[in-house]
Amino acid sequence: MKTAILILALSGALVLQTTLSGVMAGGTIAVNLVLVAIVYLALAFGAVTGMLAGTFGGLVQDALAGGIVGIGGMSKTIIGFAVGVLSSQFNLSTTVPRLVMFVAATFLHEIMFEGGHALIAGRPFGLQWSATLIQALVNGLVGVTAFMLVERGPETMQRRRMSRGTFGRKRF
Amino acid sequence: MLDIRKRTGYLFLTVMMAQVILVSAQVQTKGGVRVLQAVTFELFSRVQFGTASGLNFVRHGWSNYIALRGVKGENDALRRRVADLEVKLQQEHALATRSQQLQALMDLKSQATVPTLAAEVIAGNPDPVMRTVTIDRGSADGVLADMAVIAPGGIVGRIIGPVAQHAARVQLIIDRNAAAGALSERTRAGGMVVGVEANPPLRMELVSVLADVKPGDEVVASGVDGIFPKGYRIGRIEHVDRGSGLYRTITVRPGVDFSSLEEVLVVLVPPTGATRGEDVK
């Protein structure tokens, strides 16, 4: 079940990410849905799941991007592992800590990704802080929203369904 | 069953290592070689180096220790053999030298106009003041006192009494009590050669300051002493000094090497003259 959720989440994130790749902000993609999915899975299921999700998602993203396969994978593996470990050590079940985790994970990922390319491919370290900040905030919002939808969605739907039924009975 | 949740750290390291390898396979070094190849080659070269070192250690240990168990005995045997061969070599060398000396003695004997008897030096003299040697010929061989003794290099000395039946003592010409009538072969300037405690150990006396002698002249026996046959070589003049008075001071280097005297010839001619049986000087 968990594996299926992992594959579905990452696949959906990748599809959406490629669809939304045209949305740019300062030269950097404004949202990284794969990263959001990895952080989400790490927060929800722990270090091992986060790590495996990071590895899988990062490698696939690298392969699709056409650069050096592995740099993104390593970055996201570390992110997934670190977030999973932190989630098991601290209480990250409320909105603000989760938002902080998404934002921090985005910054850390970008730094490692750019640093890896600078170190391995000899590319100059070109991190754009403003664009990264925007991406981090967007990632945080998307991630927190995803948590809210998953956790509170069924309850809300049921409440709505119940309120509709009462209203209908009154109408009928 | 493997529970990876309890081994999260190992799994993380494994995944990261796999990705590092993956990245290395794609990146090239400045030399154009892929990092994975370079790292793999480096790692394998270290392994090969370690393996080769281990093999060399084993081979070294085998060849230098284990395989040498019987070498000590073999070494001892070879040492003994080398010692034996060195002794044999010395013997051969001695034989060759002795053969040369005997050959020279035979030549002298064949050239001598007087009857001679070959003798071997069998002993020296324990008293350093008296320069004598003992030969293995005595009265039984016809040796008498005051007979001259010669060698291929020249005059050795004379027989001094008493003469044993199979041995005799020879007073060397360089003894400080020995003397012989002598003359310069070149100018026939006469004098007397005596032994001295100096180097060279011979001095020619009674040579007039008017006589023509110079370093390098051969000195031979004059025969006037009645002991040493005339014309036999005594030595060579090494230094001539004006001296004081009527005579020159002349030093003579003997023709015989007295330090390696082994075979001699005894001149079997009885001495004549007034000095028979006594020292000349």
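The crossing of helices H2(A) and H4(A) is right-handed (the near helix is turned clockwise from the far one by less than a right angle; anticlockwise would be left-handed). This is a predicted model, in which local features need pLDDT of at least 70, side-chain atom pairs count only at pLDDT 80 or more, and totals for chains, interfaces and linings use all residues. Residues are numbered from 1 along each chain as its sequence is written, while chains are lettered from A and ligands numbered from 1 in the order in which they are written.

**Chain A overall**
- Chain A contains 6 helices and 2 strands (DSSP runs numbered from the N terminus: H or I of at least four residues for helices, E of at least two for strands).
- Along the sequence, the elements of chain A come in the pattern α-β-β-α-α-α-α-α.
- Of the 172 residues in chain A, 40% are buried (20 or more other C-beta atoms within 10 Å of the residue's own, against 12 or fewer for exposed and in between for partly exposed, with C-beta atoms placed from the backbone).

**Confidence**
- Chain A has a mean pLDDT of 83, and 88% of its residues reach 70 or more (pLDDT is the predictor's confidence in each residue, from 0 to 100).
- Within chain A, strand S1 (residues 24-25) has the lowest confidence, a mean of 48, and helix H2 (residues 33-45) the highest, 92.

**Helix packing in chain A**
- H2(A) and H4(A) pack at about 30°, with their axes 8 Å apart (axes are lines fitted to C-alpha atoms, for helices over the stretch in contact, and angles run from 0 to 180 degrees between N-to-C directions).
- H2(A) and H4(A) are therefore roughly parallel (under 35 degrees; over 145 is roughly antiparallel, 65 to 115 roughly perpendicular and the rest oblique).
- Helix H3 (residues 47-65) and helix H4 (residues 71-89) of chain A pack at an angle of about 160°, their axes 7 Å apart, which makes H3(A) roughly antiparallel to H4(A).
- H3(A) passes H4(A) in a right-handed crossing.

**Helix H5 of chain A**
- Helix H5 (residues 95-121) of chain A has 27 residues and spans 38 Å from first to last C-alpha, close to the expected 39 Å (1.5 Å times one less than the number of residues).
- Buried residues of H5(A) include Arg98(A), Met101(A), Phe102(A), His109(A), Glu110(A) and Phe113(A).
- Gly122(A), just after H5(A), takes a positive phi of about 75°.

**Ser244 of chain B**
- Ser244(B) sits in the loop between strand S10 (233-241) and strand S11 (249-254) of chain B.
- Ser244(B) is exposed, because 9 other C-beta atoms lie within 10 Å.
- The C-alpha atoms of Ser244(B) and Val209(B) are 9.1 Å apart, with these positions 35 residues apart along the chain.
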